[in-house]
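Me: I would like to go through the reasoning behind some descriptions of a helix pair. Please set each value against its criterion.

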Amino acid sequence: MNEHHENRIKQLLQQAMPPVEGDPEPSRDPWPAVLRRIDAQPAKPAGVSWSLFDSALLAGLVALVALFPASIPVFLYYL
Amino acid sequence: MNTHPYLRAYLAGTFIPTLVLPLLLTFVVIRLVERVPIPVEQALIFPMTVVPLLWGLWNMLWLCSNERTHLPLGLHGAVLPLLLMPAGASLATCLGVLKIGADDVVWFQVAHVPYALIAPMFLAALAGYYLVWKYIVGFLNRLLGIA
């Protein structure tokens, strides 16, 4: 590859990638802002969320067991 | 962890009944020490053999059918008592653990359950299974990478 070809390639590359106008460096370090945004996002729930319906079911189950303790061994039999 | 999903589903399904087993075995120890005339050993056959097996197979069935049915795991688990309760009651009757009387049924010779209480207990079992499957088995399925 002679010097003419090198210059030609350099010229084509410069045409394909025009120089960034202005200051190519950001005015400040953006990484702390990224970290702040990550921390500010609410954590996603690990699994399914507890609902009011489930609370009612659990309350009914506990009430039945409390009112009729004889049901405890029967429930254990099926677990 | 992409291999053997059905084995992992089985293990996740048997987790809860396996945890309950040591609790049930304490009844055997109490019976042996205190010489309580309750047929605990016969009563343990069902929860020690059938229940863990069915829980594991039921979770495998959910894994197998979930792509087609999209049935939530809690509802899938709540269907299981429909199979377990008649099977358990039949086996308990055969083994003398459950006696059917005129006004009530007697479990383990001590726990008298009136007939009027059977329907609420059945509904409570459905609710309990729904919650256990939705939260505990679901958590284990997610932990083992199959949900």
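Reply: The model is predicted. In H1(B), the residues B:Ala12, B:Gly13, B:Phe15 and B:Ile16 meet B:Val132, B:Ile136, B:Val137, B:Leu140 and B:Asn141 of H4(B). By class, this contact of H1(B) with H4(B) comprises seven nonpolar residues, two polar ones and no charged ones.

Me: What makes B:Gly13 and B:Asn141 count as polar here?

Reply: The nonpolar class holds Ala, Val, Leu, Ile, Met, Phe, Trp, Tyr, Cys and Pro, the charged class Asp, Glu, Lys and Arg, and the others, Gly among them, are polar. Gly and Asn are in neither list, and therefore B:Gly13 and B:Asn141 count as polar.

Me: Why are H1(B) and H4(B) called oblique to each other?

Reply: The axes of H1 (residues 5–34) and H4 (residues 115–143) of chain B cross at roughly 130°. Roughly perpendicular covers 65 to 115 degrees and roughly antiparallel begins over 145. The angle of roughly 130° falls within neither range, so H1(B) and H4(B) are oblique.

Me: Which further values describe how H1(B) and H4(B) pass each other?

Reply: Their axes come within 9 Å, and H1(B) passes H4(B) in a right-handed crossing.

Me: Where do helices stand in the order of elements in chain B?

Reply: Chain B has four helices and three strands. From the N terminus, its elements run α-α-α-β-β-β-α.

Me: How many of the residues in chain B are buried, as a percentage?

Reply: Buried residues are 30% of the 147 in chain B, where the cut-off is 20 or more other C-beta atoms within 10 Å.

How values were computed: Residues numbered from 1 in each chain as written. Chains lettered and ligands numbered in written order. Predicted model: local features only at pLDDT ≥ 70, side-chain atom pairs only at ≥ 80, totals over all residues. Axes fitted to C-alpha atoms, helices over the stretch in contact; angles between N-to-C directions. Helix = DSSP H or I, 4+ residues; strand = E, 2+ residues; numbered from the N terminus. Parallel < 35°, antiparallel > 145°, perpendicular 65-115°, else oblique. Left-handed = near helix turned anticlockwise from the far one by under 90°. Contact = placed C-beta atoms within 7 Å. Buried ≥ 20, exposed ≤ 12 C-beta atoms within 10 Å, placed from the backbone.
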